[in-house]
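These are my notebook entries on what I looked up in this structure. I took the contact between chains as one topic and the contact between domains as another.

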Amino acid sequence: MYFERFDPMRGESLQVLGPEGRLQEDLRPDLSDQRIRELYERMSVMRLADRTAMNLQREGRLGTYAPVYGQEAAQTSAAFLEPLDWLVPSYRETGALFIRGVPLANIYRYWMGDERGMLFPEATRVLPIQIVVGAQPLHAVGLAWAMKLQGEPSVAVAYFGDGASSQGDVHEAMNFAGVFKTPTVFVCQNNQFAISLPRSQQTAAATIAQRASSYGFPGLLVDGNDLLAVAGAMQEALADARSGRGPRLIEMLTYRFGPHTTSDDPSKYRTDVELEKHKPFDPLLRLRRYLKGKGLWTESEETGIMARSQAEVNEAVRQAEAVIPAPPSDIFAYTCRRMPPYLARQQDELLAFLKSRGGAGHG
Amino acid sequence: MARNDRIIMLGEDVGREGGVFRVTDGLQAKYGNQRVVDTPLAESGIVGTALGLAAGGMLPVAEIQFEGFIHLALDQICNQLGRMRTRSRGRYGLGVVIRVPWGGGIHAPELHSDSPETLLVHTPGLTVVTPSNPGDAKGLMLCALRLGEPVIFCEPKRIYRAIKAEVPETDYTVPIGRAQVAREGKDLTIVAWGAMLREAWEAADELQAEGASAEVIDLRTLSPMDSEAVVESVRKTGRLVIAHEAPRTLGLGAELAARVAEEALASLLAPIERVTGFDAVMPLAQLEEFYLPDHRRIIAGARKVLSY
């Protein structure tokens with residue numbers, strides 16, 4: 001119903017829950033208040049986990065990190081996938097991975113520079129984090145195609161951002177998806193910045209969602225800070241893709257409250273005034289207002305939520321830091337199925353060198 | 001840019017942000033957003049339009065934000081830029097400079113630490129340079145801008161802030177295609193470039209203390225490669241160590257070793273030693289120190305060739 005009712009070409013977009021927390025009942029997706037309350041709690045953990053990663057980086061305990069602060073509602077779109085669906089993430093997807101069931105400790109380990117963190121539980125059906133901007137939507141199309149060919153009712157969801165939308169590969173992905181009518185859902189989180197470049201300079205088009213029509217499938221622009229709009233759009237797109245109606249594109253309009261990564265200084269390209277203008281649209285704040293109105297949230301309950309979140313995140317950090325670093329041989333182990341002799345010699349050479357200088361590993 | 005108004009700089013975050021390493025900081029404020037241009041996020045787009053800009057009479061200086069992302073532009077770089085002079089029978093030389101932060105050693109995320117220079121050196125029609133110090137950065141850049149042909153300017157990111165040196169205020173040039181003997185020696189030759197030069201120098205210091213005199217050659221231009229300088233040095237020292245961050249197989253060490261074998265085999269007193277990255281994917285930060293060659297591994301390689 002959303003995709004038909006809201007046409008990005010006519011400047012229309014979906015919002016269910018207003019910034020003040022008022023819900024437009026006729027647009028309400030299949031989402032009970034109890035479920036909203038549960039997701040609010042998961043989003044609180046998500047925010048804390050994200051802030052913790054930033055803090056760990058500042059303390060030198062974690063490497064460069066790309067935060068999701070402000071994008072928690074859009075990231076929670078991953079909660080609506082079925083167990084056998086595929087999630088194909090970019091590097092700014094801590095929240096989506098967490099909601100999908102990837103342990104936070106895995107995510108921390110990856111950003112701590114431990115490649116083994118990327119070995120996500122197989123059952124989550126999440127591909128490794130993508131670093132190249134815009135490479136992964138093609139993979140989601142291929143996955144979806146494979147599902148279709150094998151008669152599996154699974155959907156592959158591609159996560160990418162407004163910056164990625166300029167890459168040739170993203171164009172090719174949507175075009176292939178349209179041509180082969182693959183069960184792919186394209187989730188574009190438009191956080192309005194590609195490092196320093198504002199969305200207005202990324203494309204001269206009014207929206208990214210409207211591009212879908214040029215590939216022959218529907219697109220929808222939603223308020224990406226509105227969990228209910230995100231949920232409704234996602235439920236419908238997944239159902240459509242699953243039932244053989246082809247791909248869908250959802251542009252989730254959100255805002256990156258944090259820097260691009262821990263290496264970035266946003267004061268070079270945006271003012272605090274601009275940032276503050278977006279703070280009232282904080283996705284968690286909005287949900288809190290709604291839940292409070294329903295009698296499902298109080299200040300004292302928030303204290304409990306924060307305590308539980310803190311315990312969950314602390315445990316993940318403890319687990320991540322308790323892992324013994326990989327040995328240097330880990331560099332060579334996965335290059336190819338059978339290690340060629342010259343590579344084995346290179347490995348021997350390194351291990352012998354490390355032994356000769358005392359100790360064969362870290363330290 | 002003040003002297004030549006045909007110069008236009010383009011890339012991701014090069015303008016308002018001044019580049020992620022601040023290399024172009026302040027240039028947009030000085031020359032305006034028509035000459036220092038923040039482009040959409042599309043590497044192939046950046047290089048492909050740079051080609052058109054050059055064909056149309058401009059002198060584009062494009063930036064690819066990290067070497068790991070140059071692969072997205074390889075059609076435009078290798079098939080288009082590299083071949084255009086030949087395909088147009090010399091009409092379109094295409095003065096394009098592509099600046100790219102290069103190499104490892106800063107504990108960066110994945111695909112921000114690689115050294116894929118072989119891809120470019122293997123491509124006919126491209127000039128590839130990499131400075132190892134601030135003076136060469138200026139001198140090579142001025143020559144690159146004046147060359148009238150595509151130049152890939154690899155900027156070793158590990159030494160962006162690691163080396164402080166006076167840079168001549170004058171019109172200072174460093175000729176493209178010429179290696180430099182950075183340090184004279186007589187017992188062995190160490191060839192390096194970019195960030196590895198510091199490691200080679202440090203190795204030479206320690207070897208000196210052990211009584212071995214190492215000649216250090218800074219290749220500076222990777223293509224066209226000044227192998228004559230290396231051959232000449234090997235004729236003198238009889239021993240050769242080549243150090244680079246890139247994987248060993250078909251790394252530039254392979255080509256240098258081949259040329260030395262072709263031209264100075266009789267001068268060699270020991271097998272050529274390559275101290276390089278491995279034929280494996282560049283690891284994440286936790287294992288990076290084991291992958292990248294350093295002065296200790298260069299010393300080990302030097303001792304090996306000296307033991308013959």
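**Entry 1: chain A against chain B**

I began with the contact between the chains, which takes 34 residues from chain A and 31 residues from chain B. I note here that the model is predicted.

I then asked which elements of chain A give two or more residues to the side that touches chain B. I found helix H8 (199–202), helix H14 (330–333) and helix H15 (341–356) of chain A. The largest share of that side comes from H15(A), with 4 residues.

I also looked up the kinds of residue on the side of chain A that touches chain B: 16 are nonpolar, 13 polar and 5 charged.

**Entry 2: the domains of chain B**

I turned to the domain assignment of chain B, which gives domain 1 as 7–159 and domain 2 as 180–306. Between the C-alpha centres of these two domains of chain B I recorded 26 Å.

How many residues does each domain of chain B bring to the contact? I recorded 26 residues from domain 1 of chain B and 22 residues from domain 2 of chain B.

On the side of domain 1 of chain B that touches domain 2 of chain B, I listed the elements that each supply at least two residues: helix H4 (117–121), strand E5 (127–129), helix H5 (134–147) and strand E6 (151–156) of chain B. H4(B) provides the largest share of this side, 4 residues.

Last, I noted the make-up of the side of domain 1 of chain B that touches domain 2 of chain B: 11 nonpolar, 10 polar and 5 charged residues.

Methods:
Residues numbered from 1 in each chain as written. Chains lettered and ligands numbered in written order. Predicted model: local features only at pLDDT ≥ 70, side-chain atom pairs only at ≥ 80, totals over all residues. Domains from an automatic or database assignment. Contact = placed C-beta atoms within 7 Å. Nonpolar A, V, L, I, M, F, W, Y, C, P; charged D, E, K, R; others polar.
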